[in-house]
Amino acid sequence: MNAIRIAIVDDYEVVVRGLAAMLRAYGDDVEIVELNANTTVDDRVDIALYDSFANPQGDKDQVRELAANPAVGCVVVYSWNVESRLVRSALANGAGGYIAKGLPAAKLVAALRAVHDGTETIHLGGSRTKVAAGDWPGREEGLTQRESEVLALITQGLSNVEIAERAGLSINSVKTYIRSGYRRIGVSTRAQAVIWGAGHGFLPDRIRVDDPGTELAD
């Protein structure tokens, strides 16, 4: 059985590298060909794994454009948001699969194989257990992935309403994550949060890493 060729796509270098590291023990099953933060997938891949961290959801232009890339065999949305409406919209938008972030690494790999083989498109795991896998900005400061995502969008200048739309959250959830995130990083105002975020890796990156497996093996 050939390894599935994968590009990992997100706006943040730490996120794509963290996901690649999470999968590195499964080299016989998945080959990470490219890491893309705000860059176009260039190498031919079986799957472009679209991480929704601080990104528009799967029903937006980014997924449609990724699905139209002739180098990409299939787009798989990788997200905490598992509402049936959003899943259906992502698939109608050109995504070939939808995988919940709550899955541990082995089940993520199995889900990628099932999408690639055409046996099962949607993998939501059956529970909302949050598995602290991968990496994200501010993890070392104790921020959860959702707190980090909201802080990243604040750092980018988005309003609470825009954050709710981008992250697929209710406005009340956004406010809750803001309060808890601010406590963790020791700030009390939005301006302070933006300054802190800009100095701690919360602005989007622009990199392409070809053959990242070589780095992971070092």
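1. Let's start with how much of the chain is tucked away: 49% of the 218 residues in the protein chain count as buried. Keep in mind as you read on that this is a predicted model. As for overall size, the C-alpha atoms fill a box of roughly 55 × 40 × 30 Å along the principal axes. What radius of gyration would a compact globule with 218 residues have? It would be near 17 Å, and the protein chain has 17 Å, so the two agree.

2. Now the building blocks. The protein chain comes to 9 helices and 7 strands. Contacts between positions well separated in sequence matter for the picture here: among contacts with a separation of 6 or more, 71% join residues 24 or more positions apart. You'll meet a few such pairs below.

3. Have a look at strand β4, residues 75-79. Val76 is found in this strand, and Val76 is buried, with a relative accessible area of 0%. Who are its contacts? Leaving out residues up to four places away in sequence, Val76 touches Ile47, Ala48, Leu49, Tyr50, Gly97, Tyr98, Ile99, Leu112 and Val115. There is also a pairing worth finding on screen: Val76 and Thr121 are 45 residues apart in sequence, while their C-alpha atoms are 8.9 Å apart in space.

4. Stay in β4 and go to Ser79. Is Ser79 buried or exposed? Ser79 is buried, since its relative accessible area is 0% and the cut-off for buried is under 20%. With residues up to four places away set aside, Ser79 touches Ser52, Gln57, Tyr98, Ile99, Ala100 and Lys101. Tyr98 and Ile99 are on this list, and they are on the list for Val76 too.

5. Next, Asp11, which sits in the loop between β1 (4-9) and α1 (13-23). Asp11 has 15% relative accessibility and therefore counts as buried. Not counting residues up to four places away, Asp11 touches Ala37, Asn38, Ala54, Asn55, Pro204 and Asp205. If you want another pair to track down, Asp11 and Ser52 are 41 residues apart in sequence, with their C-alpha atoms 9.1 Å apart in space.

6. Two of the residues that Asp11 touches, Asn38 and Ala54, deserve a check of their backbone. Asn38 has a positive phi of about 60° although it is not a glycine. You'll find Asn38 in the loop between β2 (30-37) and β3 (47-51). Ala54 also has a positive phi without being a glycine, near 55°, and its place is the loop between β3 and α2 (61-67). Which of these is buried? Ala54 is, with a relative accessible area of 0%, whereas Asn38 is partly exposed at 33%.

7. On to the helices. Two packed helices are described by the angle between their axes and the distance between the axes. Take helix α5 (residues 145-155) and helix α6 (residues 160-167): they pack at about 130°, with axes 10 Å apart. That makes α5 oblique to α6, and the crossing is right-handed. From α5, the contact is made by Arg146, Glu149, Val150, Leu153 and Ile154, and from α6 by Ile163, Arg166 and Ala167. By class, this contact has 5 nonpolar, no polar and 3 charged residues.

8. Helix α5 has another partner, helix α8 (residues 190-199): their axes come within 8 Å and cross at roughly 100°. α5 and α8 are therefore roughly perpendicular to each other. On the α5 side the contact uses Leu151, Ile154 and Thr155, and on the α8 side Arg190, Ala193, Val194, Trp196, Gly197 and Ala198. These residues divide into 6 nonpolar, 2 polar and 1 charged. Notice that Ile154 appears here and also in the contact of α5 with α6.

9. Lastly, helix α6 and helix α7 (residues 171-185): the axes come within 9 Å and cross at roughly 105°. That makes α6 roughly perpendicular to α7. The residues making the contact are Asn160, Val161, Ile163 and Ala164 of α6, along with Ile171, Val174, Lys175 and Ile178 of α7. How does this contact split by class? It has 6 nonpolar, 1 polar and 1 charged residues.

Technical notes:
Residues are numbered from 1 along each chain as its sequence is written. This is a predicted model: local features need pLDDT of at least 70, side-chain atom pairs count only at pLDDT 80 or more; totals for chains, interfaces and linings use all residues. Side-chain values use heavy atoms; hydrogens and water are left out. Axes are lines fitted to C-alpha atoms, for helices over the stretch in contact, and angles run from 0 to 180 degrees between N-to-C directions. Helices (H or I, at least four residues) and strands (E, at least two) are DSSP runs, numbered from the N terminus. Angles under 35 degrees count as roughly parallel, over 145 as roughly antiparallel, 65 to 115 as roughly perpendicular and the rest as oblique. A crossing is left-handed if the near helix is turned anticlockwise from the far one by less than a right angle, and right-handed if clockwise. Contact means heavy atoms within 4.5 Å. Ala, Val, Leu, Ile, Met, Phe, Trp, Tyr, Cys and Pro count as nonpolar, Asp, Glu, Lys and Arg as charged, and the others, Gly among them, as polar. The radius of gyration is taken over C-alpha atoms; the globule rule is 2.2 Å times the number of residues to the power 0.38. Buried means under 20% relative accessible area, exposed over 50%, partly exposed in between (1.4 Å probe, protein chains only).
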